[in-house]
Amino acid sequence: MIKRFWTIFIARNKEFFRDRASFGWNLIFPFILIGGFSFIFQNEANPTYKFGLIHDPQIKGVSSNHTFSSFETLPMIESIPFDHQEDAFDRLQHHKIDIVVNVDATPFKYWINQSSPNGKIAEIIFLNHLVNPTEFQNMATKNTVQGREIRYVDWVFPGIISMNLMFSSLFGVGFVIVRYRKNGVLKRFKATPLSPFEYITAQIFSRLFVLLFNLSCIMALCFWLFDLHCVGRYLDFILFYILGCFCIISLGFLLAARTCSEEFANGIINLITWPIMLLSEIWFSLEGAPQWIKTLALCFPLSHVTDGLRRIFNEGDGLLDLPFQIGMLFMMTLVFLSLGVFLFKWGED
Amino acid sequence: MAKTNPIWTQMNSKPIIEVKELVKTYQTIVAVNCISFDVPHNICLGLLGPNGAGKTTTIEIIEGILRPTSGDVLYKGAKRTKKFREEIGIQFQSTELLSFLTVRESLITFKNLYQRSLPLDYLIDICRLEDILNQDNRKLSGGQKQRLLLAIALANDPELIILDEPTTGLDPQSRRYLWDIISNIKSQGKTIILTTHYMEEAQILCDDIIIMDKGSIIAQGAPNFLLNEQNQGVTISLPKSSVTNSPSPFVDPSFIDHPKWKVFVKPNSYDIQTLYVNDCLNALLQFNIPLAQMTMRSQNLEDLFIKLTGNKLQ
């Protein structure tokens with residue numbers, strides 16, 4: 001049994017490491033994402049709201065409203081001058097800018113698109129800036145939180161690691177098994193003494209090995225380039241990652257348990273990965289989202305993987321601090337794997 | 001169904017495979033329709049039939065790849081256990097192998113899945129793989145790939161080898177190359193079940209054949225036995241270009257409906273099947289047909305097959 005397991009484990013690893021396109025993409029993709037987001041968010045004051053500025057033709061050249069000059073220097077906005085009012089309105093209608101302000105009119109005139117959420121925020125920023133901030137000093141005082149600053153790259157790193165885990169497991173295991181079933185490789189194995197259990201465990205451990213190899217490379221590179229630091233124990237991070245791998249790989253097996261159609265498998269995997277990715281707090285927090293979305297997110301294994309990795313990486317939690325996440329992942333792994341083995345077919349009947 | 005050749009009962013040992021009343025249906029389609037046969041030790045059994053006859057379904061049930069709707073398959077007189085997979089070698093009709101592995105690595109991978117296996121060098125030698133050992137198995141030609149798949153089928157030194165159309169799609173040279181290898185394996189006393197579309201292949205390699213059509217067995221026995229049993233004499237063939245006389249015998253009812261022969265009109269020739277060669281030739285001469293371009297051959301398996309199934313094989 002061990003000999004057969006080892007044979008398949010080695011053969012599958014050779015396949016993966018010799019497939020340069022797949023291997024390179026698995027390694028480079030998360031690194032590009034982390035690098036890209038680190039670069040984009042390194043400056044917190046990136047312009048977010050686009051203000052279209054127009055001049056009143058009747059009083060052209062006269063303006064120089066002092067209040068508005070200081071407004072233009074706000075870091076949250078990007079000013080876009082327009083020569084013609086119609087052009088500015090056209091852009092506003094098509095959501096290309098968030099607000100239009102006639103800076104020469106007294107009082108100022110502004111227009112927003114009622115269907116644009118950004119427009120409403122831009123309006124608040126605009127109106128807020130017309131008031132002198134010192135008038136609020138007695139009504140509210142400003143404070144900042146203490147402790148280590150968590151940069152966006154620190155926050156997003158565990159998320160991207162878990163996203164890479166998901167894609168690599170679902171497509172690298174699920175999709176590959178469907179392809180093997182379709183072209184008869186699995187049927188060929190069925191004609192040997194290899195059992196489904198031996199085959200499946202060899203595949204799981206092979207993918208786990210590949211994922212750990214990838215994780216090591218990505219961590220080494222990112223730690224060096226982006227000065228990342230894991231607040232918790234590295235061993236806890238790795239062990240929790242391994243548990244996440246088992247869970248998602250098992251899901252991959254379940255999705256690939258029966259079908260012979262690559263197109264169908266591709267559709268199913270895409271159908272599952274997108275909601276998982278969007279609701280697992282990889283890119284943004286679900287804080288403030290409706291309760292039903294938060295509850296739905298708990299059904300996705302990647303939510304627990306991302307949450308656990310983030311808490312170890314950024315908050316310094318240990319495995320003992322994550323009983324809920326570990327319990328959920330164990331339970332899901334058990335369900336996915338049992339169903340996967342039960343439903344598994346070598347070929348078409 | 002044609003009668004069974006006595007060779008089946010001449011062998012003393014228990015059959016290695018017993019197929020008992022096998023049925024396989026797919027919804028409303030009956031792929032295999034209650035067939036039974038035995039495979040004695042140390043013979044090469046050919047399963048012949050047109051596309052869709054049920055050959056592959058039958059052998060995939062024997063291999064344990066498909067489950068029968070009803071009926072049973074016994075291996076050495078008993079139900080097939082895990083030991084069965086250890087002792088048989090299979091070459092499927094179409095199989096891909098693990099990508100990015102060389103021929104050598106593919107062989108080693110499959111060898112290691114068995115408790116017992118033949119030495120690698122022996123497999124390389126018997127299937128003539130020396131020159132392609134380090135080649136990526138995705139880049140093999142059709143013939144090379146079939147040789148590798150045959151080597152994989154032999155990796156565990158099987159007692160029973162099942163080959164599903166091993167030469168389909170190969171060029172004549174590669175086909176003959178593979179026949180040599182299979183003959184060599186056969187000479188070592190292995191039992192082989194072979195499906196094929198090629199009558200020449202069956203005549204060269206098989207000790208016994210089963211002809212299937214529409215899921216049923218329509219003839220069974222040694223090739224020569226079946227040919228003798230179904231003997232229809234010889235086939236006289238005349239090119240159409242040589243029959244220019246008027247009146248032509250091939251429009252004359254007294255010739256074409258003659259009870260001593262059967263006339264088949266082919267695109268370029270007239271074929272006459274008869275046991276009464278002299279009578280037939282005399283009749284043709286009476287119509288002043290020049291016989292200089294005539295060819296005559298004895299009946300072969302293909303003729304037998306066409307007679308039994310009405311289907312033309314490759």
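Here are three short exercises on this predicted model, each with a worked solution.

Residues are numbered from 1 along each chain as written, and chains are lettered from A in the order written. In this predicted model, local features need pLDDT of at least 70 and side-chain atom pairs pLDDT 80 or more, while totals for chains, interfaces and linings use all residues.

**Exercise 1.** Describe the side of chain A that touches chain B.

Solution. Start with contacts (C-beta atoms, placed from the backbone, within 7 Å): 20 residues of chain A meet 22 residues of chain B. Next, look at elements, taken as DSSP runs numbered from the N terminus (helices: H or I, at least four residues; strands: E, at least two). Helix 1 (2–18) and helix 7 (185–190) of chain A each give two or more residues, and helix 1 of chain A gives the most, with 7.

**Exercise 2.** Work out the strand order of the open sheet in chain B and find its edges.

Solution. Strands pair if DSSP finds at least two bridges between them. Four strands of chain B follow the order 2-1-4-5, with antiparallel pairing. Strand 2 (29–39) and strand 5 (78–79) of chain B each have a single partner, so one side of each lacks a neighbour in the sheet. Now zoom in: strand 1 (17–26) and strand 2 of chain B share 8 bridges, and T25(B) stands opposite V30(B).

**Exercise 3.** List the residues that L45(B) touches, leaving out those up to four places away in sequence.

Solution. Applying the contact rule gives V39(B), I193(B), L194(B), C206(B), D208(B) and I210(B).

Note on methods. Two residues are in contact if their C-beta atoms, placed from the backbone, lie within 7 Å.
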